[in-house]
Amino acid sequence: MSAYDLDTVLKKWERDELSTEQAVGQILLLLQTVLQRLGRLEVAQENSRRQDAPPGGKN
């Protein structure tokens, strides 16, 4: 199942082109994508901090 972008979901919802179940499903897919991206950013940030940390583990 592919997700629409949020603007498309909202437009389709306003035009009654999506059922409640479809809209919720699309929003969950979008949320899943956002959480995956956030998780990758958090890992990258943590890796960056570790690389920038001085030897001995003190900041």
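Helix H1 gives way to Asp16, a residue whose phi is positive, near 60 degrees. In this predicted model, Asp16 belongs to the loop between H1 and helix H2, the latter spanning residues 20-52. The positive phi occurs here in a residue other than glycine. Asp16 has a relative accessibility of 70% and therefore counts as exposed, the cut-off being over 50%.

At its other end, helix H1 (residues 6-14) is capped by Asp5. A side-chain oxygen of this N-terminal cap lies 3.1 Å from the backbone nitrogen of Asp7.

**Overall form**

The secondary structure of the protein chain consists of two helices and zero strands. The radius of gyration is 19 Å, whereas a compact globule of 59 residues would have a value near 10 Å. Along the principal axes, the C-alpha atoms occupy a box of roughly 60 × 15 × 15 Å. Of the 59 residues, 10% count as buried. The chain exposes about 5,300 Å², and carbon and sulfur atoms supply 53% of that area.

**Charges and salt bridges**

The protein chain carries 8 positive and 9 negative charges, and the mean positions of the two sets are 10 Å apart. Three salt bridges are present in the structure; they are listed below with their N to O distances.

| Positive partner | Negative partner | N to O distance |
|---|---|---|
| Lys12 | Glu17 | 3.6 Å |
| Arg15 | Glu17 | 3.4 Å |
| Arg50 | Glu46 | 3.5 Å |

The pair formed by Arg50 and Glu46 lies in helix H2, where the two residues are four positions apart and so are separated by about one helical turn. Arg50 has a relative accessible area of 58% and is therefore exposed. Glu46, at 32% relative accessibility, counts as partly exposed. Elsewhere, salt bridges with shared partners join Lys12, Arg15 and Glu17 into one network. Within this network, Glu17 meets the side chain of Lys12 and also that of Arg15. The relative accessible area of Glu17 is 41%, so this residue is partly exposed, neither under 20% nor over 50%.

Definitions and conventions
Residues are numbered from 1 along each chain as its sequence is written. This is a predicted model: local features need pLDDT of at least 70, side-chain atom pairs count only at pLDDT 80 or more; totals for chains, interfaces and linings use all residues. Side-chain values use heavy atoms; hydrogens and water are left out. A polar contact is a pair of N or O atoms within 3.5 Å; within protein, one must be able to donate a hydrogen and the other to accept it, and residues adjacent in sequence count only if both atoms are side-chain atoms. Buried means under 20% relative accessible area, exposed over 50%, partly exposed in between (1.4 Å probe, protein chains only). The radius of gyration is taken over C-alpha atoms; the globule rule is 2.2 Å times the number of residues to the power 0.38. Accessible areas come from the Shrake-Rupley method with a 1.4 Å probe; for residues, only the protein chains shown count as cover. Lys and Arg count as positive and Asp and Glu as negative; His and the chain ends are not counted. The place of a charge is taken as NZ of Lys, CZ of Arg, CG of Asp or CD of Glu. A salt bridge is a side-chain nitrogen of Lys or Arg within 4 Å of a carboxyl oxygen of Asp or Glu.
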